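Here is a short briefing on one protein chain. Look over the sequence and the fold, then read on.

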Amino acid sequence: MGFGSLLVLSGVIYFFAYNWAALHRFGKLGLLLAAIAGACVAATQLKDGLPGQFALLFAAVLVGPLLAVYGQAYQTGADPYGLFLGWGLLILPWVALARFGPLWLLLLVLVDTGLSLYRIQALGREDAWLVLMIGLLNGAAWAEHEALALRGVASAQGRWLPRVLAAMTILPLLGLAAHVVFEPRRADASEYVAFVLICALVAATYFFHRRVHPELFLLTLGVLSVMTLFTTFAGRIIFEVLDAELFGIFLMAAVLIGELSAAAWWLRTEAQGAEDV
């Protein structure tokens with residue numbers, strides 16, 4: 001059902017892309033509004049079941065093309081980050097009412113995209129604090145989902161969404177933390193905060209795996225984070241401190257092989273321990 005919904009949405013987008021020049025602006029807006037209204041009616045009729053939730057997701061996704069068509073037809077001159085943030089704001093009531101994981105994920109992706117574009121377009125420079133804010137926002141969503149799952153909330157029982165949220169939390173923080181390891185003297189306060197948070201998250205995922213729920217995926221994310229930081233540190237020592245050029249490539253290959261072997265052995269041991277428990 002989800003795959004079918006994505007195919008229909010892609011068909012709508014390609015329809016407008018192919019027929020853009022032939023359609024009047026009222027026709028473009030009218031067709032999109034009719035599709036959104038039809039999806040909302042279907043969601044109302046289908047109610048709380050999965051088909052109704054997908055219908056509401058269908059309507060929420062179409063709000064973005066509607067805003068894009070309006071901006072192109074009337075040349076509002078708005079920055080792209082305003083499109084994504086406005087899109088998220090408009091679908092917020094639907095997201096709150098639906099209690100549907102993919103719809104919450106769509107909202108979070110829109111907010112992350114809007115903030116990232118704001119960092120590029122409005123600030124015009126790299127702002128590590130904004131990247132840290134994105135990581136913290138995703139981390140708050142991840143923590144809230146895990147808390148709801150522990151309370152037994154039915155809509156939060158699947159494991160795919162917290163895994164996606166965990167990856168969305170760790171990746172921005174890991175990018176900032178790697179800069180601390182590679183250039184500690186040039187790193188700013190936000191990057192040191194991200195480094196501390198990554199260390200705390202690695203410890204928290206291990207505790208979660210051991211004490212709360214066996215979760216090999218989160219444990220693997222923690223291992224990859226440690227490997228990334230250690231590889232960055234080893235590269236700085238080999239290429240900057242020791243100034244090894246060609247021989248340094250062989251050393252880095254040996255480091256990577258050793259890391260991968262140790263990580264695979266440890267994860268296999270943890271997986272067997274979880275099965276025994």
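Which residues does Pro172 touch, not counting residues up to four places away in sequence? They are Val131, Gly135 and Ala167. The model is predicted. The notes below go from the whole chain to its cores and then to single residues.

**Overall fold**
- The protein chain has ten helices and zero strands.
- Read from the N terminus, the order of elements is α-α-α-α-α-α-α-α-α-α.
- The C-alpha trace spans about 65 × 50 × 30 Å along its principal axes.
- Take the contacts between residues at least 6 apart in sequence: 64% of them join residues at least 24 apart.

**Surface and charge**
- Of the 277 residues in the protein chain, 37% are buried.
- The chain exposes about 15,900 Å². Carbon and sulfur atoms supply 69% of that area.
- There are 15 positive and 18 negative side chains. The centres of these two sets lie 9 Å apart.

**Nonpolar cores**
- In soluble globular proteins, nonpolar side chains tend to be buried together.
- The largest nonpolar core here holds 29 residues. Those with the most contacts inside it are Leu32, Leu57, Leu62, Ile91, Leu103 and Leu106.
- Five elements each give two or more residues to this core: helix H1 (2-18), helix H2 (25-46), helix H3 (50-74), helix H4 (80-98) and helix H5 (101-121).
- H3 provides the largest share of this core, with twelve residues.
- Another core lies apart from this one. It has 24 residues, among them Leu108, Ala128, Leu174 and Leu229.
- Leu57, listed above for its contacts in the largest core, touches Phe100, Pro102, Leu103 and Leu106, not counting residues up to four places away in sequence.

**Ala59**
- Ala59 sits in helix H3.
- Its relative accessible area is 0%, so Ala59 is buried.
- Outside the residues up to four places away in sequence, Ala59 touches Ile36, Ala39, Cys40 and Trp94.
- Ala59 and Leu174 are 115 residues apart along the chain, and their C-alpha atoms are separated by 34 Å.

**Arg159**
- Arg159 lies in the loop between helix H6 (128-150) and helix H7 (160-182).
- Is Arg159 buried or exposed? Arg159 is buried, because its relative accessible area of 19% falls under the 20% cut-off.
- The side chain of Arg159 makes a polar contact with the side chain of Glu146, at 3.1 Å.
- Leaving aside neighbours within four places in sequence, Arg159 is in contact with Glu146, Phe208, Glu215 and Leu218.

**Pro172**
- Pro172 is in helix H7.
- From Pro172 to Ser155 the C-alpha to C-alpha separation is 27 Å, and the two are 17 residues apart in sequence.

**Arg99**
- Arg99 is placed in the loop between H4 and H5.
- Most residues other than glycine have a negative phi.
- Arg99 has a positive phi of about 55 degrees although it is not a glycine.
- Arg99 counts as exposed, because its relative accessibility is 54% and the cut-off is over 50%.

Key
Residues numbered from 1 in each chain as written. Predicted model: local features only at pLDDT ≥ 70, side-chain atom pairs only at ≥ 80, totals over all residues. Heavy atoms only, no water. Core = buried A, V, L, I, M, F, W, Y, C linked by side-chain atoms within 4.5 Å. Buried < 20%, exposed > 50% of the residue type's maximum accessible area, 1.4 Å probe, protein only. Helix = DSSP H or I, 4+ residues; strand = E, 2+ residues; numbered from the N terminus. Contact = heavy atoms within 4.5 Å. Polar contact = N/O pair within 3.5 Å; in protein donor to acceptor, adjacent residues only side chain to side chain. Areas by Shrake-Rupley, 256 points an atom, 1.4 Å probe, with all protein chains shown as cover. Lys, Arg positive; Asp, Glu negative; His and termini not counted. Charge placed at Lys NZ, Arg CZ, Asp CG, Glu CD.
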